[in-house]
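I opened the model to look up its charged pairs and its cysteines. The notes below follow the order in which I checked them.

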Amino acid sequence: MLQHRLTNNVWALGQQSAGFVAALALIAIQVGIGLLMKIAQNDGKYSFSVPGSIAISEFFKLSIALALYSIQLSQRRELQLGGGEYVSLPTSNSATPDIEKVSGDNRGEKGLLRSLADEIPLEARRGFWNLALFYALINNTIFIAYEVADPGTISLVRSTVTGLTAFLSTIFLERKISNLQWLAVAFQLCGLALTQFSTGSGAVYSLSVYALLFFQVFLSAASGIFNESLVKDEGASLHAQNAVLYFVGTLVNLVIHLATCVFSPTEPGLLTGYNDIRSVLVILSNVLIGLAITAVYKYADAVIKCLATGITTALLVYLSSLLFALPLTFGAFVGTCIIFVSSWAYMRNPAKATQAPAMQVAPLSRYKNLFQRYTNYALLTFTIFTIWVSVQTRLYVNHLAADDTEPITIVEAEENANLDILESPFSKTLGFIRWNSPHYERIPLAEKYRPFFHTLHYSGPNISNIDDIGQNLTHDAFQGSTEVYLQVAETMQMILDGDSWAGFHQQDNTAHGNTTSKPSTSDIEGLLYWHFDAWVHPLEFASEDRRKIWFNDVSRPQNPSFDCMTDPTQSLWSPLHDGRAFHVQALATVEKLVAIGAPYRIDQHLFCTGWADFYYIPREFFEDYIYLALAFHERLTFHEVAIATMIHIIDESRRRIPGRSIISRFPAWGSCCAGEEPSVREVMFHRMGHKLHYDAENQLPVEAFYAKLDRDGRMIGKEIPEPHWVKEKADREANWRKGTNMTVIQESSERDEKIVESEKQDPS
């Protein structure tokens with residue numbers, strides 16, 4: 001009797017210790033993964049496939065679970081051969097270990113998969129399939145959450161699942177929650193709210209971001225209750241349960257990845273992006289957190305798991321403020337203290353245990369029986385729904401959030417007092433300036449563009465004496481004038497390769513104003529192309545979206561307007577009708593691309609035209625531009641047909657949202673070929689145009705433009721003083737609110753009344 005009581009006490013103590021150890025491990029892993037999920041991003045995006053990453057994580061967890069279960073079977077076999085007895089893995093509902101004679105259990109003698117099938121009955125396997133679908137939804141949406149919010153806020157909102165989980169536990173698991181525990185939950189939620197909201201500024205993020213996070217709260221609460229019921233209701237090995245769960249998770253997320261690749265050609269491959277250690281650590285942390293959560297459910301309960309998440313939130317709020325420059329208010333400090341106190345109060349004041357009936361039905365069994373008749377149909381429907389929602393989340397929600405993000409602009413002091421340094425919108429752009437004739441005496445004027453760009457590239461016949469190497473990042477000596485897009489493509493390839501300074505002539509670079517250092521190409525985000533005799537006001541493009549392609553679109557007789565057609569007679573552009581027939585080479589190229597199965601949406605009967613003296617390509621589309629440029633250059637397609645057709649193909653194939661073009665059309669002053677001269681007013685009031693006449697008698701437009709360009713360039717990197725009118729406007733508004741201007745209003749009103757009265761007396 002004494003030995004049995006001692007066994008009970010030791011087991012209860014071990015069970016409680018295991019629960020606390022699992023909770024502490026969960027806190028450590030959650031803090032680590034919260035920071036890592038943010039740090040692993042490049043410019044707010046992941047370089048790897050999100051569903052692919054989840055599938056890989058689930059596969060590794062499956063391998064670990066199978067290995068541990070195999071070890072467990074080996075231990076059973078050894079005990080059986082020794083004629084002894086073994087202790088089966090107990091549930092946390094058990095007061096004492098379940099002692100079984102191995103002679104009555106031959107599972108250890110069977111194969112791994114057969115033993116697994118015997119360990120987990122069919123009904124339980126269906127339950128774990130449903131649970132895996134919940135986790136698939138949660139995991140695929142949490143990556144999006146980390147792209148739009150900081151780790152502290154994400155953990156904060158997700159911690160509100162505590163109250164919902166406690167409430168659902170009392171209904172579906174028939175767990176007793178004491179009044180003090182309910183009070184602790186309420187205080188914890190209040191503390192969490194204090195860390196996120198302030199009376200001065202309100203919530204940090206928009207309602208759409210919080211809607212996404214609260215959708216995760218719902219999924220977490222539902223999956224938490226369902227998981228705890230499955231793990232505790234089934235007397236099976238924890239490793240066997242994990243193996244079934246992770247197998248389904250691997251399969252479902254792999255299907256989501258493949259479906260996403262089908263509908264989104266830009267989706268990274270399954271193994272793409274893991275040359276970065278951060279991506280590898282994301283998978284490792286996801287493996288560890290899955291095992292830790294399951295251990296918490298086995299040895300503790302779902303509400304303690306949520307409270308551990310609350311403590312994680314407090315830590316992440318502080319760390320987010322340190323690592324991601326987020327404000328840390330006094331309310332956040334108070335809220336964190338409340339979180340810790342309420343967590344301690346919850347654990348110290350459990351409900352009093354009651355004696356369970358001898359024949360107790362599993363709490364969720366009565367609800368499960370309602371759906372047994374349609375189990376297979378419900379499971380299939382939920383599987384399809386999960387895959388569809390996850391794929392649409394990747395295709396629509398993530399890209400919509402990116403598309404709705406404000407474009408990168410010049411930092412304006414009057415809008416944000418913390419950012420008062422003027423930055424060029426092209427600070428991460430390579431400027432590609434083309435000379436079709438060797439007027440390199442104008443390079444000193446072109447150098448005035450340098451403060452606005454990451455790097456300048458000069459292209460022209462025999463430029464800089466680099467014919468022996470052909471091209472580097474800053475120069476190329478291309479002789480022709482109608483296929484320059486090939487040199488643009490080669491420059492893009494150098495940027496992507498990063499090894500773009502091979503054969504670089506240091507003396508030539510210095511002579512043309514470059515610094516002697518070799519800048520990195522990894523931070524170049526786009527390429528802007530224009531002719532040397534065009535003008536561009538860089539600061540006027542600050543509000544434009546540089547994730548889109550920019551292309552010139554002017555409807556003038558001399559210019560080919562940006563248009564696509566199947567019949568050249570639909571265009572007024574003369575080169576399509578005067579025997580040159582530039583569209584013939586384009587159609588031949590398009591037909592070949594279709595024949596070889598190029599990975600694009602292409603109409604083989606369609607070609608496009610467009611004035612190609614000015615355009616911008618984001619880095620995201622460099623590979624597409626390079627691929628297509630090589631194809632069109634093979635038939636020496638004229639540039640104002642080739643580039644327009646290439647850009648149209650990229651647009652049709654790479655849209656983030658169906659029906660929303662990734663091309664921004666820009667009207668430029670002038671034309672490609674007309675000899676009209678712009679006035680000073682036209683040069684100053686049009687942010688781009690063609691062309692500046694350097695050899696004209698009237699040099700005022702040229703001088704006015706470069707004087708402004710030089711003046712704007714000297715402002716780059718300097719503080720912007722607050723305009724006087726901003727303070728004056730604020731003072732006027734303050735005085736207005738105080739009513740000091742009411743006298744002016746009254747005098748104005750009396751004057752208006754006198755005017756009306758005089759008009760009545762003298763209508764003339």
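Entry 1, a network. I started with Lys448, Asp710 and Arg714, which are linked in a network of salt bridges. I note here that the model is predicted. My search of the whole structure returned 15 salt bridges.

Entry 2, a pair within a helix. I looked up aspartate 712 and found a salt bridge to lysine 708, with 2.8 Å between the closest N and O atoms. Both aspartate 712 and lysine 708 are buried. The two residues sit in helix α22 (residues 700-715), and because they are 4 residues apart there, about one helical turn separates them.

Entry 3, a pair across elements. I asked which residue arginine 654 forms a salt bridge with. The partner is aspartate 624, and the closest N and O atoms are 3.0 Å apart. Arginine 654 lies in the loop between α20 (639-653) and β12 (663-666), while aspartate 624 belongs to helix α19 (residues 622-634), so the pair ties together parts that are 30 residues apart in sequence. I then checked accessibility: arginine 654 has a relative value of 10% and therefore counts as buried, the cut-off being under 20%. Aspartate 624, at 7%, is buried as well.

Entry 4, a pair of sequence neighbours. Glutamate 441 forms a salt bridge with arginine 442, and I read 3.6 Å for the closest N and O atoms. Is each partner buried or exposed? Glutamate 441 has a relative accessible area of 52%, so I list it as exposed, the cut-off being over 50%. Arginine 442 has 16% and is buried.

Entry 5, the disulfide. I turned to the cysteines and obtained a count of 1 disulfide. The bond joins cysteine 564 to cysteine 608, with an S to S distance of 1.9 Å. Cysteine 564 is in strand β9 (residues 563-565) and cysteine 608 in strand β10 (residues 607-609); the pair links distant parts of the chain, 44 residues apart. I also looked up the handedness: the torsion about the S-S bond of cysteine 564 and cysteine 608 is about 100°, so this disulfide is right-handed. On accessibility, cysteine 564 is partly exposed at 23%, whereas cysteine 608 is buried at 0%.

Entry 6, two further cysteines. I recorded accessibility for cysteine 190, which is partly exposed with a relative accessible area of 47%. Cysteine 261 is also partly exposed, at 27% relative accessibility.

Notes: Residues numbered from 1 in each chain as written. Predicted model: local features only at pLDDT ≥ 70, side-chain atom pairs only at ≥ 80, totals over all residues. Heavy atoms only, no water. Salt bridge = Lys/Arg side-chain N within 4 Å of Asp/Glu carboxyl O. Buried < 20%, exposed > 50% of the residue type's maximum accessible area, 1.4 Å probe, protein only. Disulfide = S-S within 2.5 Å.
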